[in-house]
Amino acid sequence: MRDLLTMTGGHDTEPKEVNGDPSVKQFLAHPFVHKPGTHFQYNSMGSYTLSAIVTKVTGQTSLEFLKPRLFEPLGIENPEWKSSSEGNSIGGHGLYLCTEDIAKFGQLYLQKGKWNGKQLLPEKWIEQATSKQVPNDQESHAKIGVDWRQGYGFQFWRCTHNAFRGDGAGGQLLVMIPDMDAVVAITADTGSFQAEMNAIWDHLYPAFGAVALPDDAAGQEKLMQAVAALEAHPAKKGK
């Protein structure tokens, strides 16, 4: 389990899904070149295998298992998670949430697993999952940028500025910055992860302070109006 959590299952290259449908058989059939636990290789199929283990042990998909234990306590309504033909939640991707819901997950981790006075996740787990468990500075993802060379925890990337994060397809990010008690959730399709991280470090990070800002009802209302007027314009795909 630990080797799957830390992306050190032993593969030299990431197993590829067949027609977007992962399977445990595909994961196990892919050549294991390294001794498990010794070589980092980003591996979504490994995350899928973790999800399959949850189903094997509990008789529920990861989505079903987490709804009463995580999603509902956080007030996350109608989460969607794609399933494979084997009947398992995809695990490594395919989870659809609102940006605010992603931010709630980050806040839960900043609060050491506690939400509204209830311990949803063990504090010891939070500490292990978000700390550097294995080095990743020599692998292919290290070419993306400096924030992909800071080590890896349990399904979390370590970042500069003592931060940690989760990545999503295309440029979606959940960045947790404990030193600033801050969470940054981004849903985007930029395909430029390090540029997004640089924007956080160059513009948001310097603006954080140790003391909370005073209440500003007028400013808050102006911000809400600006947010309400935002529009997403997906890039047009060529014919």
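**Close-up 1. Asp-167 and its salt-bridge partner.** In this predicted model, Asp-167 is partly exposed, with a relative accessible area of 26%. Its side chain meets that of Arg-165 in a salt bridge, at 2.8 Å from N to O. Arg-165, for its part, is buried, with a relative accessible area of 0%. Asp-167 doesn't count as buried because its 26% isn't under the 20% cut-off. As a rule, side chains of opposite charge can pair when their charged atoms come close.

**Close-up 2. A salt bridge inside helix H5.** Here Lys-104 pairs with Asp-101, and the closest N and O atoms sit 3.9 Å apart. Both residues belong to helix H5, and the three-residue spacing between them is about one turn of the helix. How buried or exposed are the two partners? Lys-104 is buried at 18% relative accessible area, and Asp-101 is buried too, at 9%. Lys-104 makes the cut because buried means under 20%. If you go hunting through the whole structure, you'll find two salt bridges.

**Close-up 3. The largest nonpolar core.** This core has 26 residues, and the ones touching the most other members are Leu-74, Leu-108, Tyr-109, Phe-156 and Met-176. Which elements give two or more residues to it? They are helices H1 (2-5), H3 (44-58), H4 (62-71), H5 (99-110) and H6 (123-130), plus strand E7 (173-177). Helix H5 chips in the most, with four residues. Apart from this core lies another one, of 19 residues, with Trp-148, Cys-159, Val-184 and Phe-193 among them. In soluble globular proteins, nonpolar side chains tend to be buried together.

**Close-up 4. The surroundings of Met-176.** Zoom in on Met-176, one of the residues that touch the most other members of the largest nonpolar core. Skipping residues up to four places away in sequence, Met-176 touches Gly-106, Tyr-109 and Leu-110, among others. Its list of contacts also includes Phe-156, Ala-163, Phe-164, Gly-166, Ala-182 and Val-183. Arg-165 is on that list as well, and this is the arginine that shares a salt bridge with Asp-167.

**Close-up 5. Thr-49 in helix H3.** Thr-49 has its place in helix H3. Is Thr-49 buried or exposed? Thr-49 is buried, with a relative accessible area of 8%. Leaving out neighbours within four places in sequence, Thr-49 is in contact with Leu-4 and Phe-27. Lys-25 is 24 residues from Thr-49 along the chain, and their C-alpha atoms are separated by 9.4 Å. Helix H3, home of Thr-49, is also among the elements that give two or more residues to the largest nonpolar core.

Methods: Residues numbered from 1 in each chain as written. Predicted model: local features only at pLDDT ≥ 70, side-chain atom pairs only at ≥ 80, totals over all residues. Heavy atoms only, no water. Core = buried A, V, L, I, M, F, W, Y, C linked by side-chain atoms within 4.5 Å. Buried < 20%, exposed > 50% of the residue type's maximum accessible area, 1.4 Å probe, protein only. Contact = heavy atoms within 4.5 Å. Salt bridge = Lys/Arg side-chain N within 4 Å of Asp/Glu carboxyl O.
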